[in-house]
Amino acid sequence: MRTRLIDKVGEIAAGVRVTRQTIAAVALAGVCLAGIGTLGSSTSQAAPAATAPVALSTAVPSAFDLRTTDPASRDADRPVVSTDDLASARAKVLADEAADLSAAQAVAASDVRQVALNAAADKITAESKDLLDKSKFLWPTEGGVGSSFGPRLHPILRYWRLHNGTDIGGACGNPIYAAADGLVVKASYDGGSGNNVRVNSGQIDGVEVEEAYLHMTNYVVSEGEQVNKGQLIGYVGTTGLSTACHLHFSVYENGTGVDPMKYLKR
Ligand SMILES: [Zn+2]
């Protein structure tokens with residue numbers, strides 16, 4: 001009885017083992033089935049996904065779809081040029097044009113500067129020539145001619161007599177410059193000429209030439225002093241027989257008054 005019981009237990013145990021083996025087998029089969037099921041479901045889901053875009057692009061042939069789905073057919077007969085390439089090419093053209101313009105402007109500026117320099121050089125040359133030309137006097141003070149050389153009715157004496165000089169300017173106190181180089185032979189005051197200066201310039205074109213500056217407010221040179229053309233000698237005034245501020249400028253050739261305009265060539 002005891003043996004039968006043990007056998008029974010053994011059978012039960014074997015049954016349990018069988019049962020375990022069966023369960024394990026069934027479990028393994030289940031895993032495989034599940035795997036197949038997974039594969040099957042993947043396949044069944046992939047198929048529609050692969051066909052869907054084709055169906056869409058055929059149904060809706062928009063430019064976007066054509067460009068993104070099949071670029072080769074669109075660009076097959078033309079070179080591929082990107083927007084970046086176009087932009088950089090355009091930038092190079094503009095840079096070249098800017099460089100050309102800049103070079104042209106530099107040349108133009110150089111030409112303008114050269115013209116200005118030439119004009120300045122010409123002016124300096126002309127002024128130097130005038131300064132060295134004894135027969136061409138410097139305009140002695142600012143302003144135009146108020147009364148010319150020649151016979152006139154004297155504004156104060158009220159009778160006709162020779163106006164032996166040229167009246168220039170009209171602003172009291174304006175500086176008066178030596179019209180020519182020379183030696184100051186007179187710097188004094190008298191009733192007719194007021195404060196006046198007389199300069200001997202020596203021989204010019206074969207005659208002895210002197211200049212006189214009359215009616216000055218005051219003079220700043222002295223007798224015996226050598227003055228140079230352009231040197232300050234006094235200031236415009238109305239001293240002596242004068243009705244208003246001006247410079248009376250006289251020129252004498254061998255002691256005789258002549259028209260100063262012969263020498264004052266503006
Ligand atoms: Zn005068």
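## Strands, core and confidence in a predicted model

Ala 212 stands opposite Ser 250, a residue of strand E12, and this pair offers a way into the structure, which is a predicted model. The two strands that meet around this region, E8 and E12, run antiparallel and are joined by six bridges. Strand E8 has another partner in E7, with which it pairs in the antiparallel sense over eight bridges. One of the facing pairs between E7 and E8 consists of Ile 204 and Val 207, the latter in E8. E7 and E8 form a hairpin with two residues between them, and in the turn Asp 205 has a positive phi of about 50°.

Before following these strands further, it helps to set them in the whole chain. The protein has 266 residues, of which 18% count as buried, and its secondary structure comprises four helices and 13 strands. Among the contacts with a separation of 6 or more, 61% are between residues 24 or more positions apart.

How much of E8 is buried? Of the 10 residues of E8, eight are buried, so the strand is largely enclosed by the rest of the structure. His 215 is found in this strand, and it counts as buried because 24 C-beta neighbours lie inside 10 Å, the cut-off for a buried residue being 20 or more. His 215 also has a positive phi, of about 65°, although it is not a glycine. Most residues other than glycine have a negative phi.

A second residue with a positive phi, Asn 254, can be read alongside His 215. Phi of Asn 254 is near 50°, again in a residue other than glycine, but Asn 254 is found in the loop between E12 and strand E13, which covers residues 256–258. Asn 254 is exposed, because 10 other C-beta atoms lie within 10 Å of its own, whereas His 215 is buried.

The strands described so far also contribute to the largest nonpolar core. This core holds 25 residues, and the members that touch the most others are Ile 176, Tyr 213 and Ile 233. The elements giving two or more residues to the core are strands E7 (194–204), E8 (207–216), E11 (232–235) and E12 (247–253). Which of these gives the most? It is E8, with five residues.

Ile 233 shows how residues from separate parts of the sequence come together. Leaving aside residues up to four places away in sequence, Ile 233 touches Ile 176, Tyr 177, Ala 178, Val 197, Tyr 213, Tyr 219, Val 220, Val 221 and Val 227. Ile 176 and Tyr 213, which appear in that list, are named with Ile 233 as the core members that touch the most others.

The pairing of E11 can be followed next. Strand E5, residues 175–177, runs antiparallel to E11 and is joined to it by three bridges, with Tyr 177 standing opposite Leu 232 of E11. Strand E9, residues 218–219, pairs with E11 in the antiparallel sense over two bridges, and the bridge partner of Tyr 219 in E11 is Gly 234. Together the three strands form an open sheet in the order E5-E11-E9, with antiparallel pairing. E5 and E9 stand at the edges of this sheet and have a single partner strand each, so one side of each is left without a neighbour in the sheet.

Trp 139 leads to another part of the chain, since it is found in the loop between helix H4 (83–132) and strand E1 (145–147). Is Trp 139 buried or partly exposed? With 15 C-beta neighbours inside 10 Å, Trp 139 counts as partly exposed. Although Trp 139 and Ala 180 are 41 residues apart in sequence, their C-alpha atoms are 9.5 Å apart in space.

Finally, the confidence of the prediction should be kept in view. The protein averages a pLDDT of 80, and 70% of the residues score at least 70. Over residues 12–20, pLDDT stays under 50, and the model has zero contacts beyond four places in sequence for these residues. Over residues 22–69, pLDDT likewise stays under 50, and the model has six contacts beyond four places in sequence for that stretch.

Conventions:
Residues numbered from 1 in each chain as written. Predicted model: local features only at pLDDT ≥ 70, side-chain atom pairs only at ≥ 80, totals over all residues. Core = buried A, V, L, I, M, F, W, Y, C linked by C-beta atoms within 7 Å. Buried ≥ 20, exposed ≤ 12 C-beta atoms within 10 Å, placed from the backbone. Contact = placed C-beta atoms within 7 Å. Pairing = 2+ DSSP bridges. pLDDT = per-residue confidence, 0-100.
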